[in-house]
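Let's take a walk through a protein structure together. Have the sequence and the 3D view open, and follow along as we go.

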Amino acid sequence: MEIFRSHVLVCGGTGCTSSGSVKLVDRLNDQLGELGLDKEVKVIKTGCFGLCEAGPVVIVYPEGTFYSHVQTEDVDEIVSEHLLKGRVVRRLVYQDKGDHPSVGKSLSDIEFYKHQTRVALRNCGVIDPENIDEYIAFDGYRALTKALTEMTPQDVIDEVSRSGLRGRGGGGFPTGTKWKFAAASKDDKKYVVCNADEGDPGAFMDRSVLEGDPHAILEAMAICGYAIGADEGYIYVRAEYPIAVKRLNLAIEQAHEYGLLGQNILGTGFNFDLHIRLGAGAFVCGEETALMASIEGHRGEPRPRPPFPAVKGLFGKPTNINNVETYANVAQIILRGADWFRTMGTERSAGTKVFALGGKINNTGLVEVPMGTPLRTVIYDIGGGIPHGRRFKAVQTGGPSGGCIPARLLDVPIEYDSLIEIGSMMGSGGMIVMDEDNCMVDIARFFLDFTVDESCGKCTPCRIGTRRMLEILNRIVEGKGEEGDIEKLERLATTIAKTSLCGLGQTAPNPVLSTLRYFRDEYEAHIRDKRCPAHHCRSLMQYQIIDKCRGCTACARVCPVHAVSGEVRKPHAIDQDKCIKCGACYDACRFDAIIKA
Amino acid sequence: MKSIAELEEIRKRTLQRINLRREDKESEVRVVVGMATCGIAAGARPVMMAFVDEIGRRHLSQVTVSQTGCIGMCRLEPMADVFLPGEEKVTYVNLDADKARRIVAEHVVNGRPVTEYTIGNAENNKQQA
Ligand SMILES: Cc1cc2nc3c(=O)[nH]c(=O)nc-3n(C[C@H](O)[C@H](O)[C@H](O)COP(=O)(O)O)c2cc1C
């Protein structure tokens, strides 16, 4: 085994990969080879570090120096200065906002990581996900060993139940109870399924776990198989996640080689095998019954429950289905115990939750916090607040099934039940931040547009009801709203929620209902005053030039439809009939002389 | 197929190789070698490699070797600092590969600084000479 004095970790998650991290790895290896350092310094491609905003990210150990926005041109300097001479390249070191330049910022010093507790993400950005030995080094497959050699299946279920772990795929159903049901079903064949469909727009928690720590999912699924009496499992992952798929395949292959999957695992007589199925990216295929239909080769449509999967699931057999992040907690619970797990989070929501932080926020990325953390901590302390000094307006959680939470509720702790009480939900962990420039009616319209698109069409309330709601919302944002529209929306919403076949339709009205609850005045302004308070809806706003205009002609030059006129050094004007409201003039003006009204 | 004992073996072996990536550094021993131009010219590279190699051979998982720049006493290079948890740092000077190996054996493993290589000793000798 080779020992290296220094490890250079390069983020190989999807975010950093698309901003060129693969080239960094090549360049690093070239440069190290050239200087004869390749026997001393090892370059490792890892999973996502979470701070995607700062990507591509490179961390140099043992110092733990955290470099951000690293470009191929920077590699030579890192090699010749830091790796050869031990001098940190200060200009590339990540800085918290308002910080004094400091040397050797490591992960634990950075504001973004300080408030986090990483359980599901514990190995992401730390190990090489393509090397099973590194997973094993950080206690990998020890939980499986423990379960198989020291625990009965009932012990495993009891431990998971006592931990208080609840499903991270959205519903929050107690995982131990689910396993108990599947174990109680008598059959000669049972299945374990992992839901890696991750359909919420903007969510990438599950992708990052699969890319950064694929063995954690295999290990948990094998433990689940042992607990419920299943010998076969499927991972249903969307085809748009090529890196995740590749690493899963590699992980399964390596686990087979080591005898951690397959026949007679670790000589205990337990057999377990795994397959991967690719989804084509339909949102409804994340719903568990539709997902199983899709694995079976049928059209991905949901069916009524009961029977629940634990009784009659995949291929008609008892099946346990959990989300990626749910599984990512299991090995830790078995290894460190339910009591340890319960020390994190709250009474009713134990453990941590991963969120994909996006929208109008400084530090977009992936964060994992103990349940019960106030939204404010996530948005301001970890997320670094709202860019460009704009005012926070709302945060959307739960994706298309969730709702918008206004500023005055920012101190609500993040828990399954408290989020439902305020009209949103945990969902799978998307968290989209909105500022004063976002129109809440248009946000509701955006999410409903998504569900209308994604409705499978099997049941009428969802297929037709959501479309009627969307038509009303479209009219409202176009300035053609009528008295009574709000009441009509509310009536449709209640009916759709009550009568739809699956969760897609049942929760589709949530974005509309929650924005009506907290931002009703915005709906009224659109309908009654034909005004969009955020100056966002194109039909209800104008660009105007005010007397700050110096006549620099920048706006006139960028206008694609020649709607701006005026003489040089004299105030310009916009012809509202010609204007297509593209905003090009607004962005071009250097004197704040163009306003939205 | 691997047995449980073999898995444990892989775990220990790999942990030692990747332990330097851990963030909890309190219980760790650090060896910091001066690797500026002056250090490198005086032969710091073989010294550092000797530290790395010896630590690896002895399967010491709680020790990291890192490098630093010039600390201003170029005539005493190659130099290295050894930090044991809860103890004052010890600075060694005029090192070579063999001295580095002895420091690992006596100081890092057994907790007894090798006084004859320390900076205090070197400076005392100079005054007496
Ligand atoms: C329309 C719809 C989409 C869903 N999409 C996902 C998804 O992408 N990932 C997921 O884990 N669960 C999704 N679910 C929830 C699953 O049906 C199921 O509750 C979950 O996989 C159970 O795992 P858990 O108990 O570990 O959360 C979706 C549900 C609905 C109704």
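Which side chain has an N or O atom 2.8 Å from an oxygen atom of the ligand? Turn the view until you find Asn322(A): an N or O atom in the side chain of Asn322(A) sits at that distance from a ligand oxygen. Keep in mind as you look around that this is a predicted model.

Let's stay with the ligand for a while. The protein covers 89% of the 620 Å² of accessible area that the ligand has on its own. The backbone joins in too: a polar backbone atom of Gly286(A) lies 3.2 Å from a nitrogen atom of the ligand, and a polar backbone atom of Arg168(A) lies 3.4 Å from one of the ligand's oxygen atoms.

Now zoom out a little to the whole shell. The ligand is surrounded by 18 residues, and the closest are Gly169(A), Lys178(A), Asn322(A), Asn323(A) and Thr326(A). Sort the shell by character and you get 9 polar, 6 charged and 3 nonpolar residues. Where do they come from along the chain? Two elements of chain A, β9 (319-323) and α20 (503-507), each supply at least two of the shell residues. The largest share is the one from β9(A), with 3 residues.

One of those closest residues deserves a second look. Asn323(A) belongs to strand β9 of chain A. Is Asn323(A) buried or exposed? With a relative accessible area of 8%, Asn323(A) is buried, because anything under 20% counts as buried. The side chain of Asn323(A) also has a protein partner: a polar contact of 2.9 Å links it to the side chain of Asp206(A).

Next, move along chain A to a sheet. Here 5 strands line up in the order β11-β10-β14-β12-β13, forming an open sheet with mixed pairing. At the edges you'll find β11 (365-370) and β13 (403-406), each of which pairs on one side only. From one strand to the next, the twist averages 30 degrees. What holds neighbours like these together? Strands of a sheet pair through backbone hydrogen bonds, either parallel or antiparallel. For an antiparallel case, look at β12(A), residues 392-397, which pairs with β13(A) over 4 bridges. Within that pair, Val395(A) has Ile405(A) as its bridge partner.

Finally, hop over to chain B, which has an open sheet of its own. Its 4 strands follow the order β2-β1-β3-β4, and the pairing is mixed. Strands β2 and β4 (90-92) of chain B stand at the edges with a single partner strand each, so one side of each has no neighbour in the sheet. On average, neighbouring strands of this sheet are turned by 20 degrees against each other, direction ignored.

Strand β1(B) shows you what "mixed" looks like up close. On one hand, β1(B) runs parallel to β2(B), residues 63-68, and 6 bridges join the two; there, Val32(B) stands opposite Ser66(B). On the other hand, β1(B) runs antiparallel to β3(B), residues 80-83, with 4 bridges between them. In that pairing, Val33(B) has Ala80(B) as its bridge partner, while Val31(B) is matched with Val82(B). How much of β1(B) is buried? This strand, residues 29-34, is mostly covered, with 5 of its 6 residues buried.

Notes. Residues numbered from 1 in each chain as written. Chains lettered and ligands numbered in written order. Predicted model: local features only at pLDDT ≥ 70, side-chain atom pairs only at ≥ 80, totals over all residues. Heavy atoms only, no water. Pairing = 2+ DSSP bridges. Axes fitted to C-alpha atoms, helices over the stretch in contact; angles between N-to-C directions. Near = heavy atom within 4 Å. Polar contact = N/O pair within 3.5 Å; in protein donor to acceptor, adjacent residues only side chain to side chain. Areas by Shrake-Rupley, 256 points an atom, 1.4 Å probe, with all protein chains shown as cover. Nonpolar A, V, L, I, M, F, W, Y, C, P; charged D, E, K, R; others polar. Buried < 20%, exposed > 50% of the residue type's maximum accessible area, 1.4 Å probe, protein only.
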